[in-house]
Amino acid sequence: MDLNAPFHGLRARVDAAAGDVVALCRIYEPRLTSAQFFSHTTAAMLWDLPLPASSSANLHVSARPPAREPRTRGVTGHRLDVPIEQLTLRHGLPVPTPAETWAQLGSLHRVDQLVAVGDAILTRRLAEHTDLLEAALRLARRGVSDLREALPLLRAGAESPRETVVRLILMRAGLPEPELNRDLHDEDGSFIARLDLAYPDYRVAVEYDGRQHADLAQFRRDADRWPAIAARGWLLVRVVDHHLLDPARCVVDPVARALRSRGWRP
């Protein structure tokens, strides 16, 4: 059996934790003291919260004072005075609550990423907006200004980080705020589609499609929805990944044109 040592003094099969943060945390778990817990991006990954691919490969482990943070290869240590009631278990591993985890990300991520994570927490009902507010203000944290800026932008209902990005692009451009994931039905009440971002007053919908290698059968099912959406009097603006490289021209302009064609005036 091939073994490696992902952490000092701990050996595991070479493939035991490849790409699996839960398995990696379980390997490190015997080194945790009673005052230590997985935190920051590691906790966010354990909660299955959306993070950019560039997030640190190191495990983040925090210690409650006066205990010392760990200092070892493969681990980024922190010392945080987190109240004991803000700690819980996820996959049987000690982590902060989702709200406290979100607040810890303020030291590592900027506003838009904090909004995407906060949206996911609210959508999955892992915490309430008041919980996130209290967590942001609980400690004298690094990144508190970004947390404060993100708080009024958080919305329940977003089902992907890119939906959050598109919503923020539209709002910052001065367009109306869209509803999130509105169900569309026909005259008989039968389900037609779930609209990512919708302006029901104008019957304009915005759909983000981030699939780079779409399954052909799924693509055909999606294509079958488009005439049904149009038959209900809706205009559908589709946004794909490369449109985000030029959001003013490829996202804001087509949505603004669609809204103006339905009577919206800035």
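In this predicted model, four strands form an open sheet in the order β8-β9-β10-β11, with mixed pairing. The edges are occupied by β8 and β11 (235-240), each of which has a single partner strand, so one side of each is left without a neighbour in the sheet. Direction ignored, neighbouring strands of this sheet are turned against each other by 45 degrees on average.

Two of the strand pairings can be described through their bridges, as set out below.

| Strand pair | Residues | Bridges | Direction | Opposed residues |
|---|---|---|---|---|
| β8 and β9 | 179-185 and 191-199 | six | antiparallel | Glu-179 and Ala-198 |
| β9 and β10 | 191-199 and 204-209 | three | antiparallel | Tyr-199 and Val-204 |

Strands β8 and β9 belong to a hairpin with five residues between the strands. Within this hairpin, Gly-189 takes a positive phi near 90 degrees. Glu-179 stands opposite Ala-198 of β9, whereas Tyr-199 has Val-204 of β10 as its bridge partner.

Helices also pack on the sheet. Helix α7 lies across β8, β9, β10 and β11, and runs at about 45 degrees to β9. Helix α9 (residues 247-261) packs on the sheet as well, where α9 touches β9, β10 and β11. The direction of α9 makes about 175 degrees with that of β11.

Helix α7 (residues 161-172) has a further packing partner in helix α4 (residues 111-123). Two packed helices are described by the angle between their axes and the distance between the axes. For α4 and α7 the angle is about 125 degrees and the axes are 9 Å apart. The two helices are therefore oblique to each other, and their crossing is right-handed. On the α4 side, the contact is made by Val-111, Asp-112, Val-115, Ala-116 and Asp-119; on the α7 side, Pro-161, Thr-164, Arg-167, Leu-168 and Arg-172 take part. By character, the residues of this contact divide into five nonpolar, one polar and four charged.

Two of the contact residues, Asp-112 and Arg-172, also form a salt bridge, in which the closest N and O atoms are 2.8 Å apart. This pair links distant parts of the chain, since Arg-172 lies in helix α7 and Asp-112 in helix α4, 60 residues apart. Across the whole structure, a search finds 18 salt bridges.

Taken together, α7 joins the two parts of this description: α7 lies across the four strands β8, β9, β10 and β11, and α7 also packs with α4.

Notes:
Residues are numbered from 1 along each chain as its sequence is written. This is a predicted model: local features need pLDDT of at least 70, side-chain atom pairs count only at pLDDT 80 or more; totals for chains, interfaces and linings use all residues. Side-chain values use heavy atoms; hydrogens and water are left out. Axes are lines fitted to C-alpha atoms, for helices over the stretch in contact, and angles run from 0 to 180 degrees between N-to-C directions. Angles under 35 degrees count as roughly parallel, over 145 as roughly antiparallel, 65 to 115 as roughly perpendicular and the rest as oblique. A crossing is left-handed if the near helix is turned anticlockwise from the far one by less than a right angle, and right-handed if clockwise. Contact means heavy atoms within 4.5 Å. Ala, Val, Leu, Ile, Met, Phe, Trp, Tyr, Cys and Pro count as nonpolar, Asp, Glu, Lys and Arg as charged, and the others, Gly among them, as polar. Two strands pair if DSSP finds at least two bridges between them. A salt bridge is a side-chain nitrogen of Lys or Arg within 4 Å of a carboxyl oxygen of Asp or Glu.
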